[in-house]
Amino acid sequence: MWEWSPLRDWLSGVITPYWTHPLLLAVQTLMVMVCLILTMAFYTLAERKVIGWIQARKGPNRIGGLLIPGLAQPFADVVKLMFKEILIPADSNGFLFRLAPFLALVPSLSIWAVIPFSPEHAFANIDAGLLYILALTSMGVYGIILAGWAANSRYAFLGAMRSAAQIVAYEIAMGFAMVGVLMAAGSLNIGDIIHAQRGLFGWNWTWLFPMMMVYFISGVAETNRAPFDVAEGESEIVAGFHVDYSGMAFALFFIAEYVNMILISALTVIFFFGGWLSPFDGWSFVPQDSWLAAPSFFWFGLKTLCPMFGFLWLRATFPRYRFDQIMRLGWKALIPVTLVWLLVEGFMVYLHVGPWKAHL
């Protein structure tokens, strides 16, 4: 947990010391969740603006300020969804139908507990952080499967099965990419993984470039984003697994998708681009006591914006793949690439090549 001495001292004077720690933790959690949801909301606006710019149109421009037309569009969407009725199909399993959106959203929010935003700024600095992330990223598929099955609809169930097969295929490739990061860092702790990367060309992207590409492509597939959005293929299966959801129930799936996009972007930065480390760290022409060389949340946030833009760029550029093409890419291309590079990385570790020279 973060150490906020002024707030802690003030709370200690207002309430008993026994409740100071949990209340401070609750305040910090609420702040992170609100910032994350606001980031997600403006990410939807950025997506529509960026894709509009790529396609030579304006995007949302009716609601908002003079400087950025359409700035209030996310809030208008929230208000619209809040006042829409949530319809429950008569033949559906009502309990599971209501539970599915939360099963999709809660794991994507829970992973942020081990994400270090800056040095010593993480809610839980656990030694098995990588396993925690791998376990919870696999949980989101249960919400999708339950949503398709509980609706008692053939279209929704077909979309859920497509999504389950896709996520299983790409989860394996993503897991092998994480094994490569584990071999490079020698630790399951997220903070140790960041500390193991030093200097711009000492980050994992230089020695694990194939793993980085596999991880990001698998992340795009995991979040059901274009060109891997067959689970929501509107032209084929009437919007997929959430076809029977409306109002805020649909919005929970919507939020989970965009929060997962931000999460995959943040994890890509942590595993392969040094997290909150500065790209100027160790450069002789930059004073090491300056803010440019200091590790901070500024660098973490700035780096995370790049993969986030990549999600939007891919959606605006590539058409949707066929389902057999997606399965072929996952099983016959990405998984073999990770296995081969794990073997190569094993030889580099054994021969003490590159970043493993220090292990002599």
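Student: Let's start with a loop residue in this predicted model. Between which two helices is asparagine 152 found?
Tutor: Happy to begin there! Asparagine 152 follows helix 6 and has a positive phi, near 55°. The loop that holds asparagine 152 runs between helix 6 (140-150) and helix 7 (154-185).

Student: Is asparagine 152 buried, partly exposed or exposed?
Tutor: Buried would need under 20% relative accessible area, and exposed would need over 50%. Asparagine 152 has 44% relative accessibility, so this residue counts as partly exposed.

Student: Which other residue has a positive phi of about 60° although it is not a glycine?
Tutor: Look at the loop between helix 2 (17-54) and helix 3 (73-82), where alanine 56 is found. This residue counts as exposed because its relative accessibility is 74%. The residue with a phi of about 60° is alanine 56.

Student: Back to helix 6, then. Which helices are among those that cover its buried residues?
Tutor: The residues to be covered are Val141, Gly143, Ile144, Leu146, Ala147, Gly148 and Ala150, the buried residues of helix 6. What covers them includes helix 4, helix 7 and helix 12.

Student: And helix 5: how wide an arc do its buried residues cover around the axis?
Tutor: The buried residues of helix 5 are Gly129, Leu130, Ile133, Leu136 and Thr137. They lie on the same side of helix 5, because the arc they cover around the axis is only 140°.

Student: What covers that buried set in helix 5?
Tutor: Let's take the buried residues of helix 5 again, with Ile133 one of them. Their cover includes helix 4, helix 6, helix 7, helix 8 (190-195), helix 10 and helix 12.

Student: Turning to the largest nonpolar core, which helix gives the largest share of its residues?
Tutor: This core has 84 residues, and those touching the most other members are Trp112, Ile115, Ile133, Tyr215 and Phe271. The largest share of the core amounts to 17 residues, and it comes from helix 12.

Student: Isoleucine 115 sounds worth a visit. Which phenylalanine is isoleucine 115 in contact with, leaving aside neighbours within four places in sequence?
Tutor: With those neighbours set aside, the contacts of isoleucine 115 include His121, Ala122 and Ile133. Leu263, Leu267 and Ile270 are also in contact with isoleucine 115. The phenylalanine among its contacts is Phe300.

Student: How many aromatic pairs does a search of the whole structure find, and how far apart are the ring centres of phenylalanine 117 and phenylalanine 300?
Tutor: The whole structure holds 24 aromatic pairs. In the pair of phenylalanine 117 and phenylalanine 300, the planes are at 85°, an edge-to-face arrangement, and the distance centre to centre is 6.4 Å.

Student: How many residues apart in the chain are phenylalanine 117 and phenylalanine 300?
Tutor: Both of these phenylalanines are buried. Phenylalanine 117 sits in the loop between helix 4 (94-110) and helix 5 (129-137), while phenylalanine 300 belongs to helix 13 (residues 297-317). The pair links distant parts of the chain, with a separation of 183 residues.

Student: Why is the pair of tyrosine 215 and phenylalanine 271 called edge-to-face?
Tutor: The ring centres are 5.6 Å apart. Tyrosine 215 lies in helix 10 and phenylalanine 271 in helix 12 (residues 247-272), so the pair ties together parts 56 residues apart in sequence. Planes count as edge-to-face when over 60 degrees apart, and the pair qualifies because its planes are at 85°.

Student: Which backbone oxygen does the side chain of threonine 223 reach?
Tutor: Threonine 223 is in the loop between helix 10 (209-222) and helix 11 (234-237). It counts as buried because its relative accessibility is 7%. At 3.0 Å, its side chain reaches the backbone oxygen of valine 220.

Student: Which residues does a cis peptide bond join?
Tutor: One partner, proline 227, is found in the loop between helix 10 and helix 11. With omega at about 5°, the cis bond joins alanine 226 and proline 227.

Student: Last one: how many disulfides does the structure hold?
Tutor: Cysteine 35 counts as partly exposed because its relative accessibility is 48%, and cysteine 306 is exposed at 55% relative accessible area. A disulfide needs two cysteine sulfur atoms within 2.5 Å. The number of disulfides in the structure is zero.

Conventions
Residues are numbered from 1 along each chain as its sequence is written. This is a predicted model: local features need pLDDT of at least 70, side-chain atom pairs count only at pLDDT 80 or more; totals for chains, interfaces and linings use all residues. Side-chain values use heavy atoms; hydrogens and water are left out. Helices (H or I, at least four residues) and strands (E, at least two) are DSSP runs, numbered from the N terminus. Buried means under 20% relative accessible area, exposed over 50%, partly exposed in between (1.4 Å probe, protein chains only). A polar contact is a pair of N or O atoms within 3.5 Å; within protein, one must be able to donate a hydrogen and the other to accept it, and residues adjacent in sequence count only if both atoms are side-chain atoms. Rings of Phe, Tyr and Trp (its six-membered ring) pair if their centres lie within 6.5 Å; planes under 30 degrees apart count as stacked, over 60 as edge-to-face and the rest as tilted. A nonpolar core is a set of buried Ala, Val, Leu, Ile, Met, Phe, Trp, Tyr and Cys residues joined through side-chain atoms within 4.5 Å. Contact means heavy atoms within 4.5 Å. The arc is that of the directions from the helix axis to the C-beta atoms.
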